[in-house]
Amino acid sequence: MKNQVIAIGLLAVLASPWAVAQSQIVGLMPSNQTTLDLYDNAGDSGTDTRATLADLPMNVLETKAGHHRVNYKGKDYWVRGPQVRISRASSAGCTTARIAPTTQTSSTPGAGKNGC
Amino acid sequence: MGAERRRLPGGGAPALAAAFLAVGLLAGCETIPQSIASLPVISQMRSSGPSNPLADLPPPVARTWPDVRQDVLNQRARGFGLVNAPELQRYLNGLLTRIKTAAGVPSWPGGVHVLASHALDAYATGAGNIYVSLSWLADMESEDELVALLSHEFAHIYLHYHQLESAVADADNVTSVLGLGVALTLKTGEAARWNKVDTLLTTYTLGRGLVTTIYSQTEESAADRFSLSLTHKLGYSYEHGIKAFLERLATWEDEQEKREKQQQEALLAAIRAQAAAAPAARPGAAANNPLNQGIAASGAAAQGEVAAAASQLSFELTKGFEKVAGSHPSTLKRLDAIAETAAAFPAIAVEREAKKKPLDAARQERNTANLLRNYALAFKVIDAPNATDALDTARKAVAAPTASHAVPLFALYVATNEAPPAPRTPRPADPSQMLEANFNAEADRAWITYKERSSKLKDNRQVPVAQRVVDQGLAYFSRAEEAQPYAVRFYGETKGWDEAKRRAQACAKDFPRAAARCNQAAMSPAEQKQQDRTDKSKKEGLMERFFK
């Protein structure tokens with residue numbers, strides 16, 4: 001019984017809302033890419049510096065004109081927005097879905113069905 | 001987009017093989033309705049690279065529209081219902097009008113409604129309505145992202161994907177006919193064993209599931225392309241629009257998966273700890289085969305490991321199945337698909353500044369801002385009702401303009417239930433009474449408050465009052481199919497199971513989609529027990545077939 005109480009308490013703690021940290025680059029787009037081009041300035045066309053998947057995640061320091069500023073090995077660079085996948089914060093949770101689960105009998109499944 | 005060749009979102013041979021298998025299974029069943037078999041699925045699954053999002057939209061398909069108001073009423077009966085947010089809805093409907101106009105169908109029915117849901121959730125119905133959760137509206141960073149979501153949902157309506165619903169409804173009627181076969185078989189000596197009717201039903205259900213799953217996944221990818229096209233036409237950004245919308249969804253799903261994994265690990269640890277604390281088991285009389293004898297002999301700790309392993313296996317299988325059979329392709333695959341389109345058609349991803357001001361202004365409007373704040377407080381309380389400040393927080397959540405909304409009232413209700421007795425404040429005799437504030441506000445009404453209140457009254461042996469609550473609720477929700485199963489069950493428990501069966505028949509006639517749930521709700525405890533026993537025997541029979 002004591003263990004059950006501990007387990008329920010632990011589950012309640014884990015179910016509490018979480019905070020997502022500042023925006024980060026967490027992947028490349030499309031996901032089969034293995035290197036990320038880094039530019040000295042936003043909008044530059046040529047680059048000779050590339051990061052790899054092993055260098056992710058990278059914190060986004062600034063966003064401007066379709067580019068994100070990041071720090072790579074001590075120096076600031078810019079990456080093109082469409083080439084990276086960004087983590088985006090959310091305050092959502094499964095509180096209401098746990099108490100009142102719904103069936104999908106009368107609508108097209110929506111954009112967030114996989115979540116809860 | 002409806003006429004073009006669609007790319008299979010699953011991308012691989014296994015998914016295609018599964019589709020062929022499904023169709024093969026369906027074709028093997030003579031009673032399968034043509035409506036599913038003839039859906040445009042298999043012929044359009046060959047990969048042909050990303051389609052041109054800058055091309056004209058396909059012409060809209062003529063259809064008969066279901067009743068918009070009844071559709072809204074039905075959504076009020078689901079979950080925690082809808083959020084009455086007139087100012088926010090005015091803004092959302094303005095965006096939907098622009099989307100409809102850009103698609104060339106400005107007079108189509110339907111509007112945007114706000115779901116009282118903590119999740120990132122959104123869906124469209126065949127009536128033309130779009131439902132978006134409040135959390136999503138609170139989290140979005142720009143109007144670009146919001147319009148991308150609304151356009152995605154509108155795509156389901158425009159491309160007439162709800163025809164799948166009627167096909168499945170036809171198929172379910174066939175299931176009902178087959179159910180009669182099951183009923184007849186139950187009267188024979190084969191009743192408790194796996195029989196031919198079960199095999200037929202299982203084959204049919206699996207086949208239908210696979211076809212509808214693959215069709216739904218195809219829908220989602222087509223809806224993303226439609227959204228990409230419309231948002232571009234409306235002048236919104238790719239980067240801050242559909243890409244941001246899918247990135248937010250992917251982040252949330254990742255976090256949910258991590259949380260589930262943590263919960264599972266905590267559960268496994270608890271199972272192991274419990275087994276370690278238990279005295280070692282002795283080999284019992286039931287250990288009649290080498291496997292059971294081995295497990296019994298290995299003691300409680302080992303049994304704990306076996307239980308933990310079984311739990312882990314079940315978790316992994318469930319997650320694995322969801323990934324393969326979920327109606328949505330993985331969000332990462334959807335992101336890949338739009339990235340490939342953007343690479344092939346760079347004009348679609350041209351740099352555009354995010355439009356943040358209009359969305360911020362809509363959220364900062366006084367009523368909407370108060371409403372967003374109060375719901376955030378309410379979600380926090382429902383998540384942790386025994387926190388020391390839960391009751392105070394819940395009281396703030398039921399301040400104007402949400403004093404009669406279901407979610408804040410529910411937060412106050414659960415916090416009151418959990419609060420320790422205060423010295424000078426007497427605890428309400430029945431905290432569920434506070435939910436009645438929702439009954440009198442038509443714009444805020446949600447079926448869940450009637451369910452909870454009547455259920456508590458029934459448990460407290462105040463059956464006549466409980467019946468009045470349900471009657472009062474049904475006076476408003478009588479045309480909502482989602483309200484029917486609970487009503488059937490409630491009347492079974494309070495007026496007898498003949499009354500429940502009579503109501504279940506009426507439910508099946510008026511709401512065919514809810515028929516199975518109503519029939520299940522009309523089963524008396526004895527019938528439920530009998531069904532459980534029969535199901536158990538069937539499972540054992542199936543195991544024997546596989547393992548002997």
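Begin by selecting strand β1 of chain A, residues 24-28, and then add β8 of chain A, to which β1 is joined by 4 bridges, with the two strands running antiparallel. Keep in mind during the tour that this is a predicted model. Within this pair, show the side chains of A:Leu28 and A:Val84, since A:Leu28 stands opposite A:Val84 in β8(A).

Next, add β4 of chain A to the selection, and an open sheet of 3 strands appears in the order β4-β1-β8, with antiparallel pairing. The edge strands are β4 (58-59) and β8 (84-87) of chain A, each of which pairs on one side only. Strands of a sheet pair through backbone hydrogen bonds.

Now move to chain B and select B:Pro59, which lies in the loop between α2 (34-37) and α3 (68-76) of that chain. Is B:Pro59 buried or exposed? With 9 other C-beta atoms within 10 Å, B:Pro59 is exposed, because 12 or fewer such atoms is the cut-off for that class. Add B:Ala155, which is 96 residues apart from B:Pro59 along the chain, and the C-alpha atoms of the two are separated by 12 Å.

Finally, select helices α9 (residues 242-277) and α12 (residues 331-344) of chain B, whose axes come within 9 Å and cross at roughly 160°; the two helices are therefore roughly antiparallel to each other. Their crossing is left-handed. To see the contact itself, display residues of α9(B) including B:Leu246, B:Leu249 and B:Glu253, together with residues of α12(B), among them B:Arg334, B:Leu335 and B:Ile338. By class, this contact of α9(B) with α12(B) has 7 nonpolar, 1 polar and 3 charged residues.

Technical notes. Residues are numbered from 1 along each chain as its sequence is written. Chains are lettered from A and ligands numbered from 1 in the order in which they are written. This is a predicted model: local features need pLDDT of at least 70, side-chain atom pairs count only at pLDDT 80 or more; totals for chains, interfaces and linings use all residues. Two strands pair if DSSP finds at least two bridges between them. A residue is buried if 20 or more other C-beta atoms lie within 10 Å of its own, exposed if 12 or fewer, and partly exposed in between; C-beta atoms are placed from the backbone. Axes are lines fitted to C-alpha atoms, for helices over the stretch in contact, and angles run from 0 to 180 degrees between N-to-C directions. Angles under 35 degrees count as roughly parallel, over 145 as roughly antiparallel, 65 to 115 as roughly perpendicular and the rest as oblique. A crossing is left-handed if the near helix is turned anticlockwise from the far one by less than a right angle, and right-handed if clockwise. Two residues are in contact if their C-beta atoms, placed from the backbone, lie within 7 Å. Ala, Val, Leu, Ile, Met, Phe, Trp, Tyr, Cys and Pro count as nonpolar, Asp, Glu, Lys and Arg as charged, and the others, Gly among them, as polar.
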